[in-house]
Amino acid sequence: MKVLQMSTYDSGGAGRAVYRLHQGLHSIGINSQLLVQAKNTDDKTVIAQHTKLEKGIAKLRPSLSRLLLNFYPQRELTDYYLSWLPDRVCPQVKQLNPDILNLHWISNGYLEVETIAKLNKPIVWTLHDMWAFTGGCHYSQNCDRYMNSCGACPQLNSQKQRDLSRWQWQRKARAWQEADITLVSPSSWLAKCAQASSIFRNTRVEVIPNGLDTNKYKPVNKHIARELLNLPQDKQLIVFGAVNATQHKRKGFTLLQAALQDLSKSVWQDRLELVIFGSSQSDNQIDLGFRTHYTGKLADDVSLSLVYSAADVFIAPSIEDNLPNTVMEAIACGTPCIAFHIGGMPDMIEHQKNGYLAQPYKIEDLSYGITWVLENTERYQKLCHHAREKAEQEFTMQIQAQRYLSMYTELLSRANQKR
């Protein structure tokens, strides 16, 4: 069986998730290749443009694809993508000649909407956000227009029904009406959103969580991890991390800030410190209530597993999220996690078993969750044990790969019967 994964990148949040699936399939003997717009790894099974001209064009595509957004100067600064640029993906796929295609995050100028229906192969599409069934946003911010036909998009700050969101929704609805697509959602929440959407209402949706290498992400002695990272040994450490962690509204940094400021007025004032990775300290001092250590951007598995192991608790205060890598990585390192009860968080965090799920956007409950996790030593050790156990039982790359293989096999058998 030849499987071709397709993703804009092989790094970043969704890129790391697809690369892990790619590795997991290799580990069980499946011939998997990964076709990307921009390559960051040195893996020979990851395929990208080769010539200088092709690489130059690939670098320009993200900027060119966003040109139409300039017609909406008052739009919100959220992730919003319009896949309208012509591409040359079909000849590449034809040359590689896979048995089955697995699409992933394909925005930022990689694929034109209409290309997907022309690939002429059974397609599995792994959703990493809501983009596939919206008019362009990655997360709807509680807008339900994707259930009908988009238009008058709040994120574009548009009052017109026939705006860019409606135009792209119509293109998707037309192009994919007859396409042979099976959706995979890493979280139960995103699967329900896809099933409620007007575009994929009648499409099969399977839930298969992402996986990771639990031999790389595993508990490391806390004392050693802190020594290597030059972090204090005599404090309890709260860790928070995301790309541009302190700047991305959806990641909920302002809610975390308020919770920490609330906590700093309690008995924890001299006992806690904060570690932030994915972001460097800005020139403007941010009052977080506690001494804060900034690690900057961390991309390699070793550094990340050390940060999680050095932590006493990991916090993911996202307002909207699918199945964030950070939470999965943290529990694999035996670190209890705290998050709001939203999106895919309940798929990973079992309330008061391996972490704490706060009532959505309740700052006082977020700060209470930190206290609850840390205040009882015996209970804390049980939380750590159950965190690691959860990762080993549900989120290994091998478990994920076997579930994908089973689905690929079924879809190929069905396709062969139709011929």
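A residue counts as buried when its relative accessible area is under 20%; tryptophan 372, at 7% relative accessibility, therefore counts as buried. The structure described here is a predicted model. This briefing covers an annotated domain, two nonpolar cores, and the aromatic and charge-over-ring arrangements, several of which involve tryptophan 372 or its partner tyrosine 356.

**Annotated domain**

- An unreviewed UniProt entry assigns residues 12–215 the feature "domain: Glycosyltransferase subfamily 4-like N-terminal".
- Across residues 12–215, helix accounts for 29% of the chain and strand for 13%.
- The C-alpha atoms at the two ends of residues 12–215 lie 21 Å apart.

**Nonpolar cores**

- The largest nonpolar core comprises 61 residues, and Phe314, Ile370 and Val373 have the most contacts inside it.
- Helix α7 (residues 253–263) supplies the largest share of this core, with six residues.
- A second core, separate from that one, holds 40 residues, among them Ile47, Leu96, Ile116 and Met130.
- With neighbours within four places in sequence set aside, the contacts of phenylalanine 314 include Val239, Phe240 and Gly241, as well as Phe277 and Tyr308.
- Further contacts of phenylalanine 314 include Thr326, Val327 and Ala330, together with Thr335, Pro336, Cys337 and Ile338.

**Aromatic pairs**

- The model contains 16 aromatic pairs.
- Tyrosine 356 and tyrosine 368 form an edge-to-face pair, with 5.9 Å between ring centres and 70° between the planes.
- Because tyrosine 356 belongs to strand β13 (residues 355–358) and tyrosine 368 to helix α11 (residues 363–374), this pair ties together parts that are 12 residues apart in sequence.
- The two tyrosines can be set side by side: tyrosine 356 is buried, at a relative accessible area of 5%, whereas tyrosine 368 is partly exposed, at 40% relative accessibility.
- Tyrosine 356 also pairs with tryptophan 372 in a tilted arrangement, at 6.0 Å centre to centre and 45° between the planes.
- Since tyrosine 356 lies in strand β13 and tryptophan 372 in helix α11, the pair ties together parts that are 16 residues apart in sequence.
- Elsewhere, ring pairs join Trp125, Trp131, Trp176 and Phe200 into a cluster.

**Charges over rings**

- Arginine 379 is positioned over the face of tryptophan 372, at 4.1 Å from the ring centre.
- Arginine 171 is positioned over the face of tryptophan 167, at 4.6 Å from the ring centre.

Key
Residues numbered from 1 in each chain as written. Predicted model: local features only at pLDDT ≥ 70, side-chain atom pairs only at ≥ 80, totals over all residues. Heavy atoms only, no water. UniProt positions renumbered as here; feature names shortened; annotations may be inferred. Helix = DSSP H or I, 4+ residues; strand = E, 2+ residues; numbered from the N terminus. Core = buried A, V, L, I, M, F, W, Y, C linked by side-chain atoms within 4.5 Å. Buried < 20%, exposed > 50% of the residue type's maximum accessible area, 1.4 Å probe, protein only. Contact = heavy atoms within 4.5 Å. Phe/Tyr/Trp six-rings, centres within 6.5 Å; stacked < 30°, edge-to-face > 60°. Lys NZ or Arg CZ within 6 Å of the ring centre and 35° of its normal.
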